[in-house]
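Visitor: I'd like to know what stands behind the labels people put on a model like this one. Could you take me through a few of them?

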Amino acid sequence: MINSGAIRSARGAVGVISVASVIINALHTIQNLLRQRQRQRQRQRQKEDRLPVEPGLQSSSEDRPPGPQSGRGPRPGQLLTHSSNICHKFPLFPLYEKASAAGVITTGNCLIVAPTGTGKSYIGRAILEEAVLRGEPGVHAYLVPYRALAAEIYESLLRELDQRGATARVKISTGDHRDPFYPGETDILVSTFERFSALLPSQDLRLGRVVLDEVHLLADESRGPALESLLVRLKTWKRPTSICALSAVVSNPQELADWLGVPLILGSAQDRTVEVEFRCEVEKDIGERLKAEVARALEKGEQAIIFCNSKAASQKVASDLQALVAGFLTEDDIRALSDTAAHAAGDEEEAEDLLKLLSAGVAYHHAGLSRDARLCVEAAFRNRHLKVISCTPTLAAGVNLPARLVVVRDVYRMEFIRGRPRRVVLSTGELLNMLGRAGRPGQVEAGLGVAPVEPDLLDEDELSQLELAIREAKGNPVRSRLPDSFDSFMRFLLAVISDRGEATLEDTAEAVRESLWYHLEPQAISFDRPLQVDIMEDIPSFSKVNGSIRLERAWPVSDGVAGSVVSGDKIYNFSLTIAGEECSCPAKSKWRRRETCKHLACAIYTLLFDDTGIVDEETRNRALYASAHRFRKTLDLGTKIKVAMDILAAWGLIERVPGGFRATGVGAIAANSGLDLLLSRIARDRVLNYAGTPSPSDVASWVTEDFFGDETKREKWLRAVNDWVGETPLKKIKLPRPRPGFLPAPFIVTALISSGARVSMSCTMS
Ligand SMILES: [Zn+2]
């Protein structure tokens, strides 16, 4: 608005120049349009050149039914008409036969646990297509963990429905596609778990069938609780007509099926048509091991995929392997690859180093590449000229490539909790999903998957468990992650209250009883037991605390509590935050993350039970928020619920009403956002305490300030966010993809959207 005012006042003075500049601009626009058109045509031609492969391979969707030896599966439409004669011409793939015989294509209810490459996703899609063909009412949803996978499923659904002659309104809603979603105009919705969770409260949303892919992510440390919450909300509130859950790797499938209340369909390695071997070994020099494995594969004329945990790492690995791989190229390869590189050259400026690598027979592949560049890399690999791809795990979700060797270079990923990095070891499920890219049916005859593990990353027990699980291609048992963080537990309760409008303590307990946590660990829930002193039994080091250790000071920080502890003549600083706990004593630095030193034990005790007035209520609440998940063994579940509700109420996310509790405006936003609850609470205070109307830029700045403890990062983010906010109309806020080096986090977007909803927030907040 400021800009348009400025332009108006300056208009007279620059009249002549404006006319000239209008003409110049128009010329530029036309020129750009022409160039764009040209580029589009060029791309289209390249695509046609590149992808004349058989239709069965054109889309790279995972779990295409492994067809007869040719690798070209029976046409999906034919498979589905299992009552017709056509099916007898092709051997149906075993898992589909099993599912069909059990009647689940018709009922839509099942948990399918089967190795990768057996056709699970195909069955999931068939269940939804069947519903559309039968004209079953409601929105049928296919939910996946990754955007790339959502796009693959979406395209497969469109193609398959088309082949079956069905007209259906298929929509996709992920972070990449923020088109408005109207339940009344949607037959099938493809979405990510998180996005769908946020859409769930839409009042006119009536659910038909729901398919959830990769359901073993329930056991994922960061995404598990939200998925579990989503499933409980589906089971108890927005009940779909059926639930179909899919997973490659779960070692306790019956428990999971019982919890979901659906029949179990088990696939086995025999349902795969390719022999694969998986290995997990300790390796000191992973870089050297990687080169040795790749060289061995290249000598045999095989191809390799290497999984890395970051885009930067995937680029580095590709360039490290450049010289090695180039030595194995034939003249034919060199010619084909330089053609590919020349074609790709018109596409993206970012791809310059990629072009060089391509010519050497190796390429990287990650979500930062344009879709065209990714397709180009995949096509060159399918044509077998490109020998090695080094990539991030996005390639594991749904891309079929003919690699015989797969190496998972990093068996952990870096998670950022409030901007602080932390190593999270991949679940066996994730690892097997990646290793399972080796030896895809119909593309190679056998596969080898190797996961080298750095020494000291895991303790002996963890390592031997992982080795066993990988060797036998068995996932870990899926257990609930809800008890692992109090933020998750509070968020679970908040979603329950927000969904129902109003809820009593008993209602929330009822929802907890529907959780996987409760299903696997049933326990008494009573509300009359106080937060007891004996919860310190969960922190064994508390017994070492003696009279010489005391809490000196403690204060609230944006992600928990910080303070200092006096021990004899020494002072140690500590922090108790949602990212973990730290103490500056020498013992703590030597210990593993899970263990608590005696200073922290003393601090936790005093923060929770002190009655000398050294700890104020807010500091105590934040200490509970950051540490109450620890009290698992001795603390009653009812007491946990009560403590959580007290904090939610103190933070203005819920309010007490005669019948129980109700979510406040900001609570409802927080329940469906990616923000942690403490951050929502702080943002709420910021909005309330601001004199006047805060702009989106204010809110973005606050969130950035509160989010990052590290000031250098904060500065960088503030600049980037403010630039972005300045350029983006509020209504059109999308993830700012084009800005290189600027990685958006959902919290910024959520904060901005929240600020758009400020009017309703401030009405209900006070
Ligand atoms: Zn300590």
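Guide: Sure. This is a predicted model, and a good place to begin is a helix pair: helix 17 and helix 18 are oblique to each other.

Visitor: Why is the pair of helix 17 and helix 18 called oblique?

Guide: Helix 17 (residues 428–435) and helix 18 (residues 460–471) pack at an angle of about 40°, with their axes 10 Å apart. Angles under 35 degrees count as roughly parallel and 65 to 115 as roughly perpendicular, with the rest oblique unless over 145. So about 40° makes the pair oblique. The crossing of these two helices is right-handed.

Visitor: Which residues of helix 17 and helix 18 meet?

Guide: From helix 17 you have Thr428, Leu431, Leu432 and Leu435, and they meet Leu466, Ala469 and Ile470 of helix 18. That contact divides into six nonpolar residues, one polar and no charged. Leu, Ala and Ile count as nonpolar, while Thr428 belongs to the contact and Thr counts as polar.

Visitor: And what makes helix 10 and helix 19 roughly parallel?

Guide: Helix 10 (residues 224–236) and helix 19 (residues 486–500) pack at about 30°, with their axes 10 Å apart. The cut-off for roughly parallel is under 35 degrees, so about 30° earns the pair that label. Helix 10 passes helix 19 in a right-handed crossing. In this contact Pro225, Ser229, Val232, Arg233 and Thr236 of helix 10 meet Ser488, Phe492, Ala495, Asp499 and Arg500 of helix 19. These residues divide into four nonpolar, three polar and three charged.

Visitor: How do you know that strand 16 and strand 22 pair?

Guide: Count the bridges. Pairing takes at least two bridges, and two join strand 16 to strand 22 (residues 660–663), running antiparallel. Glutamate 502 stands opposite arginine 662 in strand 22.

Visitor: What makes strand 16 and strand 21 edge strands?

Guide: The open sheet has three strands in the order 16-22-21, with antiparallel pairing. Strand 16 (502–503) and strand 21 (654–657) each have a single partner strand, so one side of each is left without a neighbour in the sheet. Helix 25 (residues 637–650) packs on the sheet and touches strand 21 and strand 22; its direction makes about 105° with that of strand 21.

Visitor: Where does the predictor's confidence stay under 50?

Guide: Residues 45–91 are one such stretch, with 95 contacts beyond four places in sequence. Another is residues 731–747, with 30 contacts beyond near neighbours in sequence. The protein averages a pLDDT of 79, and 77% of the residues score at least 70.

Definitions and conventions. Residues numbered from 1 in each chain as written. Predicted model: local features only at pLDDT ≥ 70, side-chain atom pairs only at ≥ 80, totals over all residues. Heavy atoms only, no water. Helix = DSSP H or I, 4+ residues; strand = E, 2+ residues; numbered from the N terminus. Contact = heavy atoms within 4.5 Å. Axes fitted to C-alpha atoms, helices over the stretch in contact; angles between N-to-C directions. Left-handed = near helix turned anticlockwise from the far one by under 90°. pLDDT = per-residue confidence, 0-100.
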